[in-house]
2 protein chains.
Amino acid sequence: MRYGCTALNEVSFLNMDYTRKICVLTQEDLVRAGCFDVGFAIEACENALMQYADGRVIFPDKVAVVFDEVSQNRINCLPAGLKESMVYGMKWVSVFPGNPRNYGLPNLSAVLLLSELNTGFPIAFMEGTMCSNLRTAAVGAVAAKYLSREDTQVIGFIGAGEQAKSHFLSLMHVRPDIKVCKVASRTEQTEAEFIRAMSRFYPSVEFISCKGCYEEAAKNAQIIVTAISGQERLLQAQWITEGALYLHVGGLEDDYAVPRKASKIVCDDWSVVKHRTQTISRMYKEGLLFDRDIYGDLYEIVSGRKQGRENDREFIYFNSVGLSYVDVMLANCMYRRAKEKGLGSYVNMQQSSMFDVDICDVVL
Amino acid sequence: MRYGCTALNEVSFLNMDYTRKICVLTQEDLVRAGCFDVGFAIEACENALMQYADGRVIFPDKVAVVFDEVSQNRINCLPAGLKESMVYGMKWVSVFPGNPRNYGLPNLSAVLLLSELNTGFPIAFMEGTMCSNLRTAAVGAVAAKYLSREDTQVIGFIGAGEQAKSHFLSLMHVRPDIKVCKVASRTEQTEAEFIRAMSRFYPSVEFISCKGCYEEAAKNAQIIVTAISGQERLLQAQWITEGALYLHVGGLEDDYAVPRKASKIVCDDWSVVKHRTQTISRMYKEGLLFDRDIYGDLYEIVSGRKQGRENDREFIYFNSVGLSYVDVMLANCMYRRAKEKGLGSYVNMQQSSMFDVDICDVVL
């Protein structure tokens with residue numbers, strides 16, 4: 001029976017279904033589901049850029065908190081949504097640079113949360129470092145697809161960590177004719193480890209350990225990748241071959257003369273990049289580089305609004321800082337693939353209204 | 001062996017420990033751990049307000065996304081941190097008003113994520129609706145502790161849903177002499193359900209079903225609570241007794257004459273409230289209420305910077321919109337209690353570097 005006092009429609013909140021299952025996916029679940037799939041990540045990334053170009057992406061500001069200026073310990077909360085896929089999610093990523101030294105632990109952690117947009121309920125909670133790694137490299141690979149020479153045969157890496165490895169695998173996917181991979185890093189072990197891990201996947205590629213000589217890694221390479229954790233101007237303009245594509249992955253990694261040499265500077269999102277601490281962001285803040293110096297954003301090239309590479313002589317500079325909607329797109333694809341294969345654990349977060357619990361369990 | 005090219009210190013990223021366990025806590029885990037504990041929630045809330053007063057809280061802006069202006073479907077991402085507890089977390093809460101009608105599902109869902117600030121790693125992923133409910137009511141109870149008459153005997157509810165129930169339990173904790181509880185709601189069932197559920201906990205309280213008459217619920221009550229999901233000016237100023245405390249929980253629930261009648265208007269955080277759609281927020285935007293009309297924020301009263309109730313005749317108006325750092329404080333207390341009791345499931349989100357996986361599992 002409804003009382004006559006108000007005009008609101010009656011909705012029964014009694015006998016409501018409170019059960020809510022969330023799929024929890026570990027890295028190992030994702031790997032078993034076949035989500036360590038380079039082509040799939042590249043496709044998801046390109047699809048996300050197309051959706052962004054069409055205005056079908058929800059891309060609010062991130063919440064970045066630096067806990068301590070000295071350590072630069074930080075946690076970023078990066079929400080994003082995809083209207084077509086009816087999903088809204090978030091990447092929660094911590095960067096604590098002292099972890100390896102202080103605890104023998106990775107400096108980075110990431111988890112992902114996805115909610116579906118019919119009911120608003122969370123559907124998946126996932127390990128996020130693999131997704132994040134594959135996404136970063138996939139953006140680099142999409143850039144290489146449109147901006148590198150099709151006949152690329154030599155690739156050079158400055159830095160040999162996880163990002164360098166992910167980039168190598170993704171770049172091999174779009175430029176399968178690569179025959180030589182040169183790598184220069186801070187230590188013999190890290191170069192050797194890169195080569196050990198990568199030659200498992202591509203035994204026919206010739207890997208060259210540059211023994212810490214960055215010039216050796218960069219020269220004659222049609223694609224150069226810098227992916228270091230420090231902030232140093234390692235890459236020099238005179239080392240760069242005509243027709244090269246340079247993928248700038250980290251913060252400050254190259255001399256200011258490098259972007260100055262470029263025929264085109266392309267970003268994942270210049271409006272985001274300009275406020276960060278990348279090489280070109282610093283130049284922008286120092287008045288050495290202007291909006292007009294940026295050729296465009298990757299989504300403009302993927303969607304055909306702007307030309308990619310126009311000849312074999314251009315030196316193209318690509319800078320990315322990460323786009324959370326690409327993470328959410330890839331995470332959603334991973335979740336769906338895992339679900340199809342019956343992988344992951346389902347946790348019933350709630351079984352009933354909290355007021356239906358046993359009274360003995362309540363402390364008044 | 002380290003190469004001489006750079007000045008960076010060497011850190012071995014090899015043989016690093018990648019394992020990361022997260023505690024997953026369902027509502028039932030939390031209930032079994034004794035976290036449905038009204039006094040514990042009130043204490044956590046008061047502690048959080050004290051920490052805020054002392055500048056020990058990290059309180060960034062929330063990310064609020066409304067997906068559709070008509071449905072008002074929304075997901076809010078509310079990050080906050082506690083420096084002393086070395087924890088930073090987030091509440092992820094969805095409000096989809098059409099859920100009950102469209103799917104027979106609750107309009108609200110919430111999950112919580114906590115990270116610890118030594119390594120930055122996530123430590124807990126938790127069901128969040130119980131925490132959120134207890135927190136809202138605990139803030140109301142802290143307000144009642146400082147702002148209601150100590151001899152409160154009669155309490156009146158307009159609205160009989162989960163928020164009304166949580167408020168009743170929390171208010172009984174701080175004002176245990178309450179003898180009469182009147183409740184008015186839209187339907188006979190919801191009033192009866194409120195009384196059925198609450199009399200289990202407090203069989204000696206006299207519960208009065210007001211049969212949809214809001215005036216009956218409000219009159220002679222020393223504490224009046226409005227907690228409705230609609231947006232209607234239900235509470236009228238002439239129904240309010242001298243010396244009452246009014247707890248305004250929802251959006252628009254009272255006539256503009258109600259705040260005008262108040263001796264003191266107190267908020268959880270006026271700087272947040274003023275930008276929302278609560279009764280006093282609307283009056284502020286319409287130029288009918290000014291900053292000077294707000295007596296203060298609850299933390300100022302809890303920390304002793306401002307007086308609470310000063311006599312038995314004041315009518316005090318309390319308005320809250322929710323403070324995410326209180327959620328994070330309560331969630332962290334709940335997580336610790338569950339951990340002590342060995343409850344919750346531990347999920348190893350990652351076992352090794354993604355590049356150490358079996359090569360057969362990788363798709364190139």
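Trainee: Why is B:Arg135 called buried?

Mentor: In this predicted model, B:Arg135 has a relative accessible area of 7%. The cut-off for buried is under 20%, so B:Arg135 is classed as buried.

Trainee: What makes B:Asp327 and B:Arg135 a salt bridge?

Mentor: Their side chains meet at 3.1 Å, N to O. The criterion asks for a Lys or Arg side-chain nitrogen within 4 Å of an Asp or Glu carboxyl oxygen, and therefore the pair qualifies. B:Asp327 lies in helix H12 (residues 324-340) of chain B and B:Arg135 in helix H4 (residues 129-147) of chain B, 192 residues apart, so the pair links distant parts of the chain. B:Asp327 is buried as well, with a relative accessible area of 2%.

Trainee: How do you know whether A:Lys264 and A:Glu310 are buried, partly exposed or exposed?

Mentor: A:Lys264 has a relative accessible area of 4% and is therefore buried. A:Glu310 stands at 47%; partly exposed covers the range between 20% and 50%, so A:Glu310 is placed there. The side chains of A:Lys264 and A:Glu310 meet in a salt bridge at 2.3 Å, N to O. A:Lys264 belongs to strand E13 (residues 264-267) of chain A, whereas A:Glu310 sits in the loop between helix H11 (298-302) and strand E15 (316-319) of chain A.

Trainee: Why are A:Arg32 and A:Asp29 said to be separated by about one helical turn?

Mentor: They are three residues apart in helix H1 (residues 27-32) of chain A, which means a separation of about one helical turn. Their closest N and O atoms are 3.2 Å apart, in a salt bridge.

Trainee: What makes H4(A) largely enclosed by the rest of the structure?

Mentor: Of its 19 residues, 17 are buried, and therefore H4(A) is described in that way. Helix H4 (residues 129-147) of chain A reaches 27 Å from its first C-alpha to its last, close to the 27 Å expected at 1.5 Å a residue.

Trainee: How do you know that B:Arg20 and A:Glu127 form a salt bridge?

Mentor: Their side chains meet at 3.0 Å, N to O; the limit is 4 Å, so the pair satisfies the rule. Across the interface of chain A and chain B, the rule finds four salt bridges.

Trainee: Which helix of chain A gives the most to the side that touches chain B?

Mentor: Helix H6 (residues 188-201) of chain A does, with eight residues. The residues on that side of chain A comprise 58 nonpolar, 29 polar and 22 charged.

Technical notes
Residues are numbered from 1 along each chain as its sequence is written. Chains are lettered from A and ligands numbered from 1 in the order in which they are written. This is a predicted model: local features need pLDDT of at least 70, side-chain atom pairs count only at pLDDT 80 or more; totals for chains, interfaces and linings use all residues. Side-chain values use heavy atoms; hydrogens and water are left out. Helices (H or I, at least four residues) and strands (E, at least two) are DSSP runs, numbered from the N terminus. Ala, Val, Leu, Ile, Met, Phe, Trp, Tyr, Cys and Pro count as nonpolar, Asp, Glu, Lys and Arg as charged, and the others, Gly among them, as polar. The expected span of a helix is 1.5 Å times one less than its number of residues. Buried means under 20% relative accessible area, exposed over 50%, partly exposed in between (1.4 Å probe, protein chains only).
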